[in-house]
Amino acid sequence: MEVWIALLIAIGCVLIILVVSNIFYYPVFKRIWDVVLSGLAIIVLLPILLLLTIVGAIAMRGDPFFVQKRPGQKRANGQERIIKLIKFRTMSNKKDKDGNFLPDAVRLNKYGKFLRSTSMDELPELFNILIGDMSIIGPRPQLVRDMVFMNEEQRHRHDVRPGLSGLAQVNGRNSISWEQKFKYDLVYIEKITLIKDVKIIIQTLLKVIKRENTIREGTVSDIDYGDWLLQEGKITKEEYEAKQKRAKEMLDE
């Protein structure tokens, strides 16, 4: 009888914690969950992380990591903080005789394709989450050269920390248009709850298992937002060049 009472009390405590966490989830408990879950994931996946680091160094003939500047959460002044996102490298650094990178299709080897299809190239981002640059769930951090083409409303996606996965990723990822991606991002930030994040985590795991929507059909890598706008005739060549120049300046700052 005492065992059942203790079990009921334990269940009750867990339910209370979940209810309280959901009510005060953002911005209080979300960060706590991020630290706890990313820390546990790093510990559990450490053997895999070490193995992929070694295999990656061999397969890529050098640095197995890919570090790139991405827009993070906005600062108090309303400007995005630039973070350094870390992933496992999926493309080699092969160049032509003039020192220019070879096409993506050439640089993307079998190992890189495996990492992308399984989403294992994203695992190092757990460290970005642990140090506070990212969250487990949130709008995916796009490129700086994508951000400069976003309008004011779209850039509200940067009001929160970018995520390892997000609402757009479980609703098509790279198989949907940029405008649809941003729409999902804005819907997500309207109200962030524990229940919503747990649901997205479960959906993400199912997507990873099924290896769905890793790249847009007919492409090796997803097309940049500015390139898409130019391709669709939504901006002029002059506007495109000016925005690209601004992106370069931001990366050099």
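1. Let's start with the second largest pocket of this predicted model. Strand E2 (80-88) and helix H10 (237-252) each bring two or more residues to its lining. H10 makes the largest contribution to that lining, three residues.

2. Here is who you will meet along the wall of the second largest pocket: Lys69, Gln79, Glu80, Ile82, Met147, Arg155, Arg246, Met250, Leu251 and Glu253. By character, the lining has five charged residues, four nonpolar ones and one polar one. The space in this pocket comes to about 160 Å³.

3. Now to the nonpolar cores. As a general background, nonpolar side chains tend to be buried together in soluble globular proteins. Here the largest nonpolar core holds 18 residues, and Tyr188 and Ile200 are the members that touch the most others in it. Two or more residues come from each of helix H2 (25-59), strand E2, helix H5 (125-130), strand E3 (135-137), helix H7 (178-190) and helix H8 (194-210). H7 gives this core three residues, the most of any.

4. Tyr188 deserves a look of its own on your screen. Leaving aside residues up to four places away in sequence, Tyr188 is in contact with Lys30, Ile137, Gly138, Pro139, Leu167, Lys196, Asp197 and Ile200. Ile200, then, is both a contact of Tyr188 and its companion among the core members with the most touches.

5. Please don't overlook another core, which lies apart from the largest one and has 14 residues. Tyr225, Leu229, Ile235 and Ala247 are among its members.

Conventions
Residues numbered from 1 in each chain as written. Predicted model: local features only at pLDDT ≥ 70, side-chain atom pairs only at ≥ 80, totals over all residues. Heavy atoms only, no water. Core = buried A, V, L, I, M, F, W, Y, C linked by side-chain atoms within 4.5 Å. Buried < 20%, exposed > 50% of the residue type's maximum accessible area, 1.4 Å probe, protein only. Helix = DSSP H or I, 4+ residues; strand = E, 2+ residues; numbered from the N terminus. Contact = heavy atoms within 4.5 Å. 1 Å grid on protein atoms, 1.4 Å probe; cavity = no way out; pocket = protein on both sides within 12 Å on 5 of 7 lines; lining within 4 Å. Points joined across faces, edges and corners; volume = space filled by probe spheres on them. Nonpolar A, V, L, I, M, F, W, Y, C, P; charged D, E, K, R; others polar.
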